Amino acid sequence: MMEPYTHIDTPRPYLSSDRSDDGSEADDAFPSSIDFLSVNRICHVQTAESRFGADVGPEIRSFVYEPWHSFDIDDDVSDDNTEDELSDEIDGIELIEHGSAVGVTPDMVATWGPFVAAPLPQFAATMAPTLLPQIPIGLQAPGVADDLLPQLQLLQQQLQQQDESGRELGQQRFPRAQRLRLNLTALSQKYNLYFASYQNKIHVFIPRKAPNFLPRPCLVLKPKKLKTEWPVRPAIDQSFGHQINHLMIGNLGHLEVLFFAFDDGDVGAYYTHTIARYILSTSRQGEANGRPPPRSLIPREFFHENVGESAWGIAIHQESRLLAVSSNRAEVTIFAFALRQHRLHNLKDDLASYLDPSPQIWPGQTAYGLERDFRTRTRTWKIILPLDARGSNIPNISFCDDEQGCAEYVVAQDIKQRTWFLDIWRMGYPPVDIMYETSKMNYVTPTHIGWGVMVLPDRCFKQTASLHECLGLPPEELSGGTLRSGQLWLDTTNSLSHVRDLANPLSYLIPAPHGSSFLDPERIAGFPIEEDLDKESGADEETEILDAARPWTNVSFGLTDRRSMILSGELPRPRQAPRAYLDDTHDGIHLAQFIVPRFAHVPDSSSVRRERYSRWRTPAVPFSKCDFFSRYATKNISILLTSSTDVCLLHMDPQGTPVLCRQVLPYHNHLNRHQSPYDLHRDYSQRIGMLLHVPELNLVVLGSLCGRVALLRLTKTAKLFYGAPVRRGFRVEMVLPRRSEEDKRMRPWCTLHGIAISPMPDPKTDGISLHREGDESQEPALKKWRLVLHYLDHTILTYIIMNSKDDEDLLVV
């Protein structure tokens, strides 16, 4: 049996000798001048019993410990696309309701699934199908009323009453969650809304103050399965493939969106302002007459596509209005929405065509002409970016920007721990592989899998005054080695011995080497261990970098040049012009079109899913031989990589010093439990696949399926280590839950369902907005951030984070 739970629903102070007068943590291992994220030693925990009833514990434990494929699924879910015509026409939306009380919607079914669905009213058959967004991408979202607090309180009271009535009907009392996925929870950055995915549904909550952070959900979204012309094989559950693998929140232009990916290849997105508006309308209509809100307010997916195989990595680019999805096809698909109308032909086009040095890819069309049309964004493009034949499944992706903040590359890490730069816009550019650099650093190991990647520009790093402050340990304790180029790389694993209240033992830490024990004596001869960066010394000398690549010229990096790559008969390429593309262009019809920029290939939709473009013969370019990155990218971009337990920071600058910290989030059985759920086994649960970025705090939050979370502070310094410029690094500020919380069994013995972080709501704001109108970027809204750890058994841990320079206490609730 599972060990008894410790139920903590009220604040519990921890007594510790290192506690400061203001309740925040102190650490004598670091200089007092270092700016840490302060954490008050108080914790609130919301248990499943506090949400679903004191007697729900046996059911929860039975669910957590059930064997593989024995869990229940919703009765109304199937993967055979045999649903009736009505359910194909409308988005599935459930309000947590039973009967005909306030807020019932036309397509509503009863509460926690799997429940017996309530019959649909006849007028539901007249509802409109899901369409493209009626609000163009990039426009400002309509405002949401902030004076509806009384109605929201009334709605919460009604939901509590419905919870009690649901128990009397014998309904399941908690939602069953999918397992072995990535991050499945998110907090809106504009509204006080929390999203959690359970199987094929997304539950929407209005969070409250701790300890009872999550009330009953006020809405359940149920995206329908997209019908495809080809069979899609799920990666995890063949019998129930339409379950969400990954969920995130981000801005697409000025609008915030909820973006998610399914195991059957489906991807979809909602505008969060439509969800917020619907919830407020529901409460307002219910208070007025008990009738449902207008059907026009029902939240609908503005985006719904399928990428051909199990979808995992997702990314949103605000400025360029892009949605990116990675899949088990070893490729990334980018959806680039049309941003302007088709422009008329002019004389400049004729001149550009006359001077065009690029090869013809079909009669009358050059590669540069296709690229020019591609970049105009006059149609919606579905951009396919394949890896090469060595690539594999891609669990996470991230956009890399140019100097203007527009998307230039997608960076992907596959499960083999290869990291790829994929050019989005330029024709004929192969992917860039940087695996050799990471393998020399011991980041790539046979037992580890690549799980996460995050692109970080220089502005995301906090300036520090010393190597100790930058990396979290004295320079004498640094380990590392030398790359083939002669550059140093640093191992900061020993910094974990300085992490406050760390739960797992430190026996795996290697002894701190010194001097020639890990570095070439000739390499470090004559250099002090730490010194200031002196630009006049040449240590920070500019690397010879081209400002932009010169396409269609012979560039020697050990492969065929870009021109011959497209012209060569060795590579599959279109032999004639794609008729649909030409007709569309000449007639001014703005239809969506597939494109594979790497091969200057415009396939038709009927053949695109039959091809495996990663198998087309063109190897990737090694990072050390790549010459076509811009000066801005090379000098300003770093890449954070995560594997099963390790974290690595690479730099696009050849002179940068990579940083590796091993065993940041290993599997840890704090209380030596003898029995574990199957998905908590270290072979399954050691995966750092949940990554969140808080630029305001120079903070990255890393979550592992094993139930633990690390807070990483991004840092930079103008210091040299044995003559090598460190430039940018990170230090591990804290690992949650802490040792004192593990001692009191606050971490449940199950996997982590998801992590989420957002600003604390402004106390002067009513309704569900986080900020007062026009005050999103001002204090005090951004002083405190709430971090939510959501576990498979519905235990919720909530932490409040802020900079130590603020005068207010930082609480963990």
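The following exercises treat cores, a sheet and selected loop residues of a predicted model.

Residues are numbered from 1 along each chain as its sequence is written, and side-chain values use heavy atoms, with hydrogens and water left out. Because the model is predicted, local features need pLDDT of at least 70 and side-chain atom pairs count only at pLDDT 80 or more, while totals for chains, interfaces and linings use all residues.

**Exercise 1. Identify which residues touch the most other members of the largest nonpolar core, and which strand gives the most to it.**

Step 1. A nonpolar core is a set of buried Ala, Val, Leu, Ile, Met, Phe, Trp, Tyr and Cys residues joined through side-chain atoms within 4.5 Å. Buried means under 20% relative accessible area, exposed over 50%, and partly exposed in between (1.4 Å probe, protein chains only).

Step 2. The largest nonpolar core has 54 residues, of which Tyr194, Leu699, Val701, Leu711, Ile755, Leu787 and Leu789 touch the most other members.

Step 3. With 5 residues, strand β39 (residues 785-791) gives the most to this core. Helices (H or I, at least four residues) and strands (E, at least two) are DSSP runs, numbered from the N terminus.

Step 4. Apart from this core lies another of 36 residues, including Cys460 and Leu471.

**Exercise 2. Determine the strand order of the open sheet of 5 strands and its edge strands.**

Step 1. Two strands pair if DSSP finds at least two bridges between them.

Step 2. The order is β20-β21-β22-β23-β30, with mixed pairing.

Step 3. Strands β20 (396-401) and β30 (621-622) each pair on one side only and are therefore the edge strands.

Step 4. Strand β23 (residues 432-433) pairs with β30 in the parallel sense over 2 bridges; Val432 has Val621 as its bridge partner in β30.

**Exercise 3. State where Arg173 is found and which polar contacts its side chain makes.**

Step 1. Arg173 is found in the loop between α4 (149-168) and β6 (185-187). Its relative accessible area is 13%, so Arg173 is buried.

Step 2. A polar contact is a pair of N or O atoms within 3.5 Å; within protein, one must be able to donate a hydrogen and the other to accept it, and residues adjacent in sequence count only if both atoms are side-chain atoms.

Step 3. The side chains of Arg173 and Asp55 are joined by a polar contact of 2.5 Å. A polar atom of the Arg173 side chain also lies 2.9 Å from the backbone oxygen of Phe52.
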